[in-house]
Amino acid sequence: MSTWTEGTSLAVAEEADRGTVPTATFLVRDRPCAPRLVGRERELRELRDFVHGARRPGAAWVLSADAGSGKSELLEAAAEMAVAAGLRVLRCAGGRGDDPQEYAGVDRLLAGMREEWTDFPPFGPSSSPVTPVGGIPGRAERDRLPYAVLDLMERAGRARPLLLVVDDWDTLDAPSREVLSFVARRAGGQAPAVLIASRPHPRRLAPLTGIPTTTIAPLTAVQSLALLAQRRAGNGRQAERELLTAAGGNPLTLLELPVRTTDPLPWIPPSSDRLVAALAPGVARLPSATGDLLLVAALHPAGELPRLLSAASRLAGEELGFSAVEPAEREGLVECDGTRLRFTHPAMPGAVTHQTGPRRVRAAHAALSAVSEQDPVRMLWHLSQAVRGVDAQLAHRLHAVHRRALEGDEPMLAVRLLSRAADLHEVPEDRGRCALLAAQLAQSLGRERTARAMAHRALRFPLTPPGTLYAEALVLRDGIRWRAPADWPAPAGTRGEEDAMELARFSAPSMAGDAACSEALLAFLDKVPDRADDPRLLYAVATVAAPRRAMTVVRRVSAHRQSEDAPVHVLEHLGEAAWLTGDPLRALELHRRAEGRHRLHERADHLPWVLLQQGLCHVLTGDWVQAERSFRECAVLGAEHGHADHAATARLLGDLVRGLRTGTVRPVSDRERESARRSVRTVDDLVTLCTGWAQVEGGDFAAGFATLSALLADPQPRMAALFALVPFAQAAEAAHTVEEARAGLRGFEARMGAEHPPLAAAGLSVAWALVAEDDEDTEARLARAFAADLSHAPFLEASRRLAHGRLLRRRNEVADFRVTVRQAAATFRSAGAEARIARITEELRASGGRSDGGAPAAEEGRTAELLGPQELRIARLAAQGMSNRQIGAELGLSHRTIGSYLYRIFPRLGVTARTQLTDALGPVR
């Protein structure tokens, strides 16, 4: 594999070694190959240190790496460094797929020392340096040979330091490995330096045990993307993600694996001649039974070994046993644990089947179909690949079973089933319908290239009017702004309504912010009342009319909460609809379910978007600690799986959340905003919200009030404004702009309407309580706020308690004020509001109360009012140092129940740790 882009070839270096190139050409350079190798900076530094150390005779090092990792290029780099540093370089390499003769490796290595060996016993003036004058070396000569080679190297190294470079060690003939390992182990004195590269092998690396070894790691996702940008530019995002997944950080696979727009017929994993030569050079020599087993395993990688053996037996025409696995294991192609076969590299399935003809592939699919009766989805998929021509009955079965694939969280398999059904149908309308369904599903999964390809196919056949609009929009890639929803034809029939729902879902983001188009889209959707609960319709409505129809969407999303069998992409659409309409708790629940599905099916490349959405939900609920964690994990996984936009957005939002916690404003550049819009369309509103909120948290109340006022005063209310209400009112209270705040809240309520989502309604009550005209109005507003369950919205819960505490202070109920404010402080602390805690601490100190979160013993009489008898007993046992399990055993309760009790007890007492319970509870009476 090559990741070189520029530089001096080794041929020139060898000419310099022979003295035919001017010495001035070879100045000593520490890292001559850094511009030419991507992602191998660490290895190059280590090679530089090794080569510099090799000038003082006596060094050996082994580079171990899988095929295509770039170890040969690293050896090339080391050879250039060595020549530039004044060393003499001797090289040899094994040959994959060959049956090497004895001592062929040593023979090639010593070919450059012809002058030295001619007069050196046991060598004579023959054509081979290791073959004595009498012919093939005998036993005695074999025993002497390692010592003779070592002696020869030492003598040659006295005139000029010597570096032996050995590539593909594991494919050298056994006698050469024996000789060279002998030399490498005795590196010292005048011995040469030895640099060896090899693939991991359980037996052939044994002679090198004890020699320093470095394993070359796969490229990271960032490094892989850099290599693609340098050597294989022009791929779309889908192609890059597919390459990252298939390559597993292997440079050769990244550069050589074909990118498909559509699947071949019959389906077979992609590969290339170079990948076959690198990954599976010996596959052609495998027994036919092993080849048949590898073929069916490549077509059905998730299959159990007994099923694969059964299919391979049908293909071979004879019963195959576990012995068929052994040759493939010896070649390093697969690993077997007795129940499953696992290919040793993600690109190996394509490499072992690359030379297989279509007829044999169809037969293998037929064999797999015959042994997959227990899995109707896989059975029909393999059967569809085995047939030729049209088959309307099979096409209908594929169309029906694709829903089971969706329910089983295999959406891309569902796309393939629909695509194949479009091939097998006879009627043009059916072919167009299946192709359009495949395009719609692919687009909802973010597979834009596949979606466009299927839309092109669909447009060749008759479609419904909304279906035609949708397919044309996919092909044009710029939405449907060229035709307003007011001009869309009314959907007719079930199929037309289905296409209309997809059209609305796809077009809504491009219409958000355009009042005329948004109203026209809403009017179009209102003409389809039977689809009022369709997740696609809810997503479209939430996108273009989030605040005005928030409660309608929230109620209908709630109806889907128990849909445990809903496909994961439906959960994601519902979650985004809930978030857009101001119900982050419902959105968080749905996105967590989606995350669980993705983790269950090991689809880590789908996690960045889900984690990004979870982080957004945590921001709005005020749980900033969890928000930071979600954004941090999103940034890591996004970088690993090629979602650069999601990763960059997560890093930006993570910085904004840290600003909220510490009360510092993080400037956001136009470039950052533009990049983040590709992941979160409403990022501008979020930046404004977080900026104003951070100003309030940091004590710059006038600036925070001005920033949040602009957000609330927008003629078209947006979702972010729903969660700006409390910090807006807090800023007004502190900046003495209460009258302006009341006017702003009245105008906002008038634009929003009478109904609000639960958290937004509670936030509005708290905001009004903060700027109320008198204490009676404050108490009434707080009563409405306390009716809401805010246990999962810590910032709002803490703000509610803080507002109540200040009301108590105005009434001179100092003891109650202190307890309530300490509860607020504990809740702010759990949310991560560090700057806010500092201000509350000062407020408590000014009132003469403690500021460490613990209740003073003098107020122990209040404990009975704060806790029930069972809660008080649990709190006292916890204060004694007992664990949850010990308390549960004492009281006959589970440790989880004890944890739930303590979760409620801590904020009531204003504590954050068990060690504070003793002071909070006071002495036992």
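## Exercises: an open sheet and a covered helix

An open sheet of 5 strands runs in the order E2-E3-E4-E1-E5, with parallel pairing. Strands (E, at least two residues) and helices (H or I, at least four) are DSSP runs, numbered from the N terminus. Two strands pair if DSSP finds at least two bridges between them. The model is predicted: local features need pLDDT of at least 70, side-chain atom pairs count only at pLDDT 80 or more, and totals for chains, interfaces and linings use all residues. Residues are numbered from 1 along each chain as its sequence is written, and side-chain values use heavy atoms, with hydrogens and water left out.

**Exercise 1.** Find which strands stand at the edges of the sheet.

*Solution.*
- Strand E2 (88-93) and strand E5 (213-215) each have a single partner strand, so one side of each lacks a neighbour in the sheet.
- E5 pairs with strand E1 (residues 59-64) in the parallel sense over 3 bridges.
- Within that pairing, Ser64 stands opposite Thr215 in E5.

**Exercise 2.** Compare the expected span of helix H40 with the distance between its end C-alpha atoms.

*Solution.*
- The expected span is 1.5 Å times one less than the number of residues.
- H40 (residues 794-810) has 17 residues, so it should span 24 Å.
- Its end C-alpha atoms are 24 Å apart, which agrees.

**Exercise 3.** Decide how many residues of H40 are buried.

*Solution.*
- Buried means under 20% relative accessible area, with a 1.4 Å probe and protein chains only.
- By that cut-off, 14 of the 17 residues are buried, and H40 is mostly covered.
- Asn812 follows H40, with a positive phi near 65 degrees.

How values were computed
Buried < 20%, exposed > 50% of the residue type's maximum accessible area, 1.4 Å probe, protein only.
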